[in-house]
Amino acid sequence: DGRVLALPKASLDYVRKEPMGVVGMIIPWNFPLHIACRKSSAALAAGNTVVLKAPELAPLTSLELGRICLEAGVPPGVFNVLPGKGAVAGAAIAEHPDVNKVAFTGSTVVGRSVMRAGVDSIKRVSLELGGKSPSVVFADADLDLALPATVYVMTRPQRPENQEQKVHPMYNYVYVTDAHEGLVMVVTSCL
């Protein structure tokens, strides 16, 4: 858009936005349609092409999205869906020299390998990784109230609109040492 930067008046400097080229997207099994649409629409709107690695446990929504894109008039080769195992298809996207950017959503362990795979071709990598959403239970908490609620949030039945695909990622439990024994007893009784 030619936006002018705040630099000395003796020079002319501007920003020129250009597409990155081929954007590889590796998405998880939970919310595959939502994540695919959210990520790919931004990439396509910016003038890029997309290679979407469908989640191996839930590939059908991604494949259907590809069909819908073709039906809607998106030219062949602009939005591509690649089903397969992450270790094969995902790795191929992350390592391919013609992929200019990789957007990965998933585990921290796999995210590290995606980042390493992009090093040789110095590609842009964006990572949306797990390991967030701690449950904090303090030593003075009423464990009979706090922990059943925490366990319920982690294991509750999912709403139909999520098609049983929602995960509540409470991976990290932070608690004060004094509460540990009671914590273990209450969590065990809730599961």
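Analyst: Let's start with the vocabulary: helices (H or I, at least four residues) and strands (E, at least two) are DSSP runs, numbered from the N terminus. The model is predicted, so local features need pLDDT of at least 70 and side-chain atom pairs pLDDT 80 or more, while totals for chains, interfaces and linings use all residues. Residues are numbered from 1 along each chain as its sequence is written, and side-chain values use heavy atoms, with hydrogens and water left out.

User: Thanks! What makes Arg-67 and Glu-71 about one helical turn apart?

Analyst: Both sit in helix α2, and four residues separate them in sequence, which means about one helical turn. Glu-64 and Arg-67 are likewise about one turn apart, being three residues apart in α2.

User: How do you know that Arg-67 forms a salt bridge with Glu-71?

Analyst: A salt bridge needs a side-chain nitrogen of Lys or Arg within 4 Å of a carboxyl oxygen of Asp or Glu. The closest N and O atoms of Arg-67 and Glu-71 are 2.7 Å apart, so the pair qualifies. Arg-67 also bridges to Glu-64, with the closest N and O atoms 2.5 Å apart. Elsewhere, salt bridges with shared partners join Arg-38, Lys-39 and Glu-128 into one network.

User: Why is Glu-71 called exposed, and what makes Arg-67 partly exposed?

Analyst: The cut-offs are under 20% relative accessible area for buried, over 50% for exposed, and partly exposed in between (1.4 Å probe, protein chains only). Glu-71 has 62%, so it counts as exposed. Arg-67, at 41%, falls in the partly exposed range, and so does Glu-64 at 35%.

User: Which residue forms a salt bridge with Lys-85, and what makes the pair count?

Analyst: The partner is Glu-56, and the closest N and O atoms are 3.9 Å apart, which is within the 4 Å limit. Lys-85 lies in the loop between β3 and α3, and Glu-56 in the loop between β2 and α2 (60–71), so this bridge ties together parts that are 29 residues apart in sequence. Lys-85 is exposed at 56%, whereas Glu-56 is partly exposed at 42%. In total, the structure holds five salt bridges.

User: What makes β3 an edge strand?

Analyst: Two strands pair if DSSP finds at least two bridges between them. The open sheet has five strands in the order β3-β2-β1-β4-β5, with parallel pairing. β3 (79–82) pairs on one side only, as does the other edge strand, β5 (124–129).

User: How do you know that β1 pairs with β4?

Analyst: Four bridges join β1 (residues 22–26) to β4 (residues 101–106), so the requirement of at least two is met. One example is Ile-26, whose bridge partner in β4 is Phe-104.

User: Why is the set containing Val-23 and Phe-79 called a nonpolar core?

Analyst: The term covers buried Ala, Val, Leu, Ile, Met, Phe, Trp, Tyr and Cys residues joined through side-chain atoms within 4.5 Å. Twelve residues form the largest such core, including Val-23, Met-25, Leu-52, Cys-69 and Phe-79. β1, α1 (32–45), β2 and α2 each supply at least two of its residues, and α1 gives the most, with three. Another core, of nine residues, lies apart from it; among them are Ile-93, Val-99, Val-114 and Ala-117. In soluble globular proteins, nonpolar side chains tend to be buried together.
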